[in-house]
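Please open the model in your viewer and keep the sequence panel beside it, since each stop on this tour begins with a selection. The stops follow one another from helix packing to backbone details.

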Amino acid sequence: MSAMETSPVPHALRLPRARPGVVSPSVLPNPRTPARSDLAAACAALWLLRRGVPRRSKPRASRLSVAARRRELALSFLPGPAFAETEADLEASVAAGADREAGKVRRLLEDPEVKLIRQLQQRAQLLDGRTFRPLQLPSLLQKGSPLYDADVVCVGEIHDSEADHAMQRLLIDALTYALFLELRSSEGVDPSAPRGRTPQPGGICQLRSWPWEWHCYCCGGPHWMVSFLKEYFSRQQQPTLDGLVFDKSPDGPGSSPSKFRQACDWDRVWAYDWNLYAPLFRFCQLNLNRIVGLNLPLEAVLTVSRGGLDSAPEWLRSQLPPLDLEQLKHRRRFEDMLRMPLEKAVQRMSLPTSSWSPKEELNNMYQAQVLWDEFMANTALRYVSDVGGRLVVLAGANHVWRDAIPDRFEAQARRGGTARRATTIVPWRGSGLPPAGAADYLWQMDGPGGGDELAAELRAQRERLKGKSRVFPAGYI
């Protein structure tokens, strides 16, 4: 079996359909467009041959017929001489590619290593954050569930915990797979069919990413997309993050882990163990899940932490949403976490605040913390408002309690006149339980059947498959 370094659901082979009066820039022969697969290129070339010359393409100086211009544009989009120059040969190439994709899907659905991952997802157990009733992960990935229907799913982590990162990948794959099955079911298409739309914003359709503007014209549709906002990257790093998924050129960020690590300045900006995070980046790359920078530059946070909001640079102050600095329980948890373990600080949230007062000398540091949460919530809101789909926010556990990113995301949406829903999942290792409502769901990590146990089984699979042929997502989760 050959290695399958593709998405768990094959790229959509359907020819892209532009909106009336709008030509998708993702199918124009643009030298700046990241490299695509041969099959995707053939599909895009066929679309150009059938639909005619794009409206925005500039005419050549010489007078060519429309048919000649159309052929030239289509053939210039192909990656090389492997494809013949006739429409019939392009049709044959697409058909052959469909057969290859069908084989990949069959292997994906039948491979025992992938079935092991599905079994672990079936065993995964979370706790309801209000009643603490145990819930199986598959029951939360049904239409109508708060987790499934949320615009934003915030998943916490302890940054240096290998098990937390493994659980994030297991959850991400389960959500993507559930959306894929729902999409195929809604269209009456068999899950093993090679043709049809997929939840990933990739393949032929690629998202334009200008500063703070994201547009997708021909993918599976906003409701189905799964993208990821990550605390460890800033908005300014977006071109590099898009390069990881879409740019496979020899010197591009997607060509190798070391190139991406260097391009995103990992060792200076984040500096946590690269090996803990690299599987997640590879997972997103193979699954064509777009990564979006969530945070503001670290230098801006440090500036506010030292001098308060008044010291924030002008470019930052012009982009700031209103900051809610009046949540006393949130403030007390922030101060408690400076001197005690996270679990104990969270459990103290149930204590009354009537006799407690904040320390003024920590005002600047707290303003930086709130700025962090509000800015990340704002990035999430702007993205989901422009693109839609499901957004999975991966951030430190302290950022994903309800009073951090989730509540602030919903409050910003209400102020803008829309109703958005954020759901939060927090890994939990405390001996007791947090206050009811502090999170929507808790992922119990300790004990039999907990996250640590499932992560150990995933780690054993990765070791077993190291250096061997794999079927995605086996060995990448």
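Begin by selecting α7 and α18 together: on the α7 side, Glu162, Ala163, Ala166, Met167, Arg169 and Leu170 meet Gly451, Asp452, Leu454, Ala455, Leu458, Arg459 and Arg462 of α18. Coloured by class, this contact shows 7 nonpolar, 1 polar and 5 charged residues. The axes of α7, which covers residues 162-186, and of α18 come within 9 Å and cross at roughly 80 degrees; because an angle from 65 to 115 degrees counts as roughly perpendicular, that is how these two helices are described. Bear in mind throughout that this is a predicted model.

Before moving on, display the whole chain for orientation. The protein chain holds 18 helices and 10 strands, and buried residues make up 55% of its 477 residues. Of its contacts with a separation of 6 or more, 73% are between residues 24 or more positions apart.

Next, keep α18 selected and replace α7 with α4, residues 112-123, whose axis comes within 10 Å of that of α18 and crosses it at roughly 175 degrees. The two helices are therefore roughly antiparallel, since the angle is over 145 degrees. From α4, select Glu113, Leu116, Ile117, Leu120 and Arg123, which meet Glu453, Leu454, Glu457, Leu458, Gln461, Arg464 and Leu465 in α18. The residues of this contact divide into 6 nonpolar, 1 polar and 5 charged. Leu454 and Leu458 are worth highlighting, as they belong to the contact with α4 and also to the contact with α7.

Now follow the chain beyond α18 (451-465) to Arg470, which is found in the segment after that helix. Is Arg470 buried or exposed? Its relative accessible area is 17%, so Arg470 is buried, the cut-off for that term being under 20%. Measure from its C-alpha to that of Glu113, and the two lie 8.5 Å apart in space although they are separated by 357 residues in sequence; Glu113 is one of the α4 residues in the contact with α18. The side chain of Arg470 also reaches the backbone oxygen of Gly475 at 2.9 Å. In this segment after α18 you will also find Pro473, and the peptide bond leading to it from Phe472 is cis, with omega near 10 degrees. Most peptide bonds are trans, and most residues other than glycine have a negative phi.

For the last stop, select α11, residues 274-287, whose 14 residues should span 20 Å at 1.5 Å a residue, in agreement with the 20 Å between its end C-alpha atoms. How many of the 14 residues of α11 are buried? The count is 12, so the helix is largely enclosed by the rest of the structure; among the buried residues are Trp274, Tyr277, Phe281, Phe283 and Asn287.

Both sides of this helix deserve a closer view. Ala271, in the loop between α10 (266-269) and α11, has a positive phi near 75 degrees without being a glycine. Asp273 caps the N-terminal end of α11, where one of its side-chain oxygens lies 3.0 Å from the backbone nitrogen of Asn275. After α11 comes Leu288, whose phi is positive as well, near 60 degrees. Leu288 lies in the loop between α11 and β7 (291-295), and with a relative accessible area of 10% Leu288 is buried.

Note on methods
Residues numbered from 1 in each chain as written. Predicted model: local features only at pLDDT ≥ 70, side-chain atom pairs only at ≥ 80, totals over all residues. Heavy atoms only, no water. Helix = DSSP H or I, 4+ residues; strand = E, 2+ residues; numbered from the N terminus. Buried < 20%, exposed > 50% of the residue type's maximum accessible area, 1.4 Å probe, protein only. Polar contact = N/O pair within 3.5 Å; in protein donor to acceptor, adjacent residues only side chain to side chain. Expected span 1.5 Å × (residues − 1). Axes fitted to C-alpha atoms, helices over the stretch in contact; angles between N-to-C directions. Parallel < 35°, antiparallel > 145°, perpendicular 65-115°, else oblique. Contact = heavy atoms within 4.5 Å. Nonpolar A, V, L, I, M, F, W, Y, C, P; charged D, E, K, R; others polar.
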